[in-house]
Amino acid sequence: MASVAIRDVYKSFGSVQILHGVSVGIEDGEFVTLVGPSGCGKSTLLRMIAGLEGISGGDIAIGGRVVNNVAPKERDIAMVFQNYALYPHMTVRENMAFSLMLKGAPQEERNTRVKRAAEILSLSPLLDRYPRQLSGGQRQRVAMGRAIVRDPQVFLFDEPLSNLDAKLRVQMRAEIKELHQRLKTTTIYVTHDQIEAMTMADKIVVMHDGQVEQIGPPLELYDRPDNLFVATFIGSPAMNLLKGQIGTSGFEGAGGISLPFPARPGVAPGMPVVVGLRPEHLRLSDDGFPVKVVVVEPTGSEVQLIGRTPGGEEIAANFRERHAFRPDETIRLSADPGLIHLFDGQTGKRL
């Protein structure tokens, strides 16, 4: 196991700059997710850690050793890809042992390591099957097993669950997290799915347009997002945003919306702001602001509502109670002042 230090890293493809001075510190044994929309640079950064992409500027160190010019096979890392990358003509046993065979490991050592990995991943009954005889989840476990037998310092996962159905993704999320808890190996996991990031990681790195927007534990990012991008990216449904300004008694938005909240340092009357409201923090209230119901989505465990404010802004709300809302009905919503997020209307930074 080893720490990973990414220090002021840049990446360019010709004149196009992909990463703009990214710095991230990953502790020994930590599970870190790189999350962000497509094209934000997260997979490029992972490939740079693996040695599959060159570094245009900055340093990457694994276990205290700068690896900028170290070949991938000498970095002591193991990578699990989105498309499994299994050899179709080899059995599960042969796929898992292949890297050890290339290193010239004795047959007895290969057998021992494969047996251990197969037991960890519940693959023992499948060792003599070929990839075509496996389900998607089983193939992904084989790909993970091939990484485990190498006993690397760092595991790298590149969107490994994207090809699986929804139920299997939930199952595999739990299996990968349990695997990390057992092995305690430093893990860097790339995903565009913020639910995966929230449920699996010790620490999340939110990326956007080649830059790091915020780094921190999942609940810290959820409860105290640094800016509007993180606020809307972390959380499903996304945080509601209402534009307006500071009035004499709180927030004043379009269509006559008014929200009281405690005075905050640096916030003065007339200042343009954006208020953030998590859907689960909204509640029905006779003295709340009006919302016209547009769509009602019962999920079983809760009722999700999408409505529109008098100013034309879309707003989502979640209720544990089974309310019988009807489209075009007008309801009134309010939020606990202590749960209201406030952002600068010009910079998007948290106030």
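Me: Is the crossing of α4 and α5 left-handed or right-handed?
Reply: This is a predicted model, in which local features need pLDDT of at least 70 and side-chain atom pairs pLDDT 80 or more, while totals for chains, interfaces and linings use all residues. Residues are numbered from 1 along each chain as its sequence is written, and side-chain values use heavy atoms, without hydrogens or water. A crossing is right-handed if the near helix is turned clockwise from the far one by less than a right angle, left-handed if anticlockwise. For α4 and α5 the crossing is right-handed.

Me: How are α4 and α5 oriented to each other?
Reply: Helix α4 covers residues 136–148 and helix α5 residues 166–183 (helices are DSSP runs of H or I, at least four residues, and strands of E, at least two, numbered from the N terminus). Their axes, which are lines fitted to C-alpha atoms over the stretch in contact, are 11 Å apart at an angle of about 20° (on a scale of 0 to 180 degrees between N-to-C directions). Under 35 degrees counts as roughly parallel, over 145 as roughly antiparallel, 65 to 115 as roughly perpendicular and the rest as oblique. The angle therefore makes α4, relative to α5, roughly parallel.

Me: How many nonpolar residues are in the contact of α4 with α5?
Reply: Contact means heavy atoms within 4.5 Å. Residues including Met144 and Ile148 in α4 meet residues of α5, among them Leu168 and Leu179. Of the residues in this contact, four are polar and two charged, and the number of nonpolar ones (Ala, Val, Leu, Ile, Met, Phe, Trp, Tyr, Cys and Pro; Asp, Glu, Lys and Arg are charged, the others polar) is seven.

Me: How are α2 and α3 oriented to each other?
Reply: The axes of α2 (residues 92–102) and α3 (residues 107–120) come within 10 Å and cross at roughly 135°. Among the residues in contact are Met96 and Leu100 of α2, with Val114 and Ala117 of α3. Helices α2 and α3 are therefore oblique.

Me: How many residues of α1 are buried?
Reply: Buried means under 20% relative accessible area, exposed over 50%, and partly exposed in between (1.4 Å probe, protein chains only). In α1 (residues 42–50), Leu45, Leu46 and Ile49 are among the buried residues. Of the nine residues in this helix, the number buried is seven.

Me: Which residues outside its sequence neighbours does glutamine 211 contact?
Reply: Glutamine 211 lies in strand β10 (residues 211–216) and, at 40% relative accessibility, counts as partly exposed. Leaving aside neighbours within four places in sequence, glutamine 211 is in contact with His20 and Val206.
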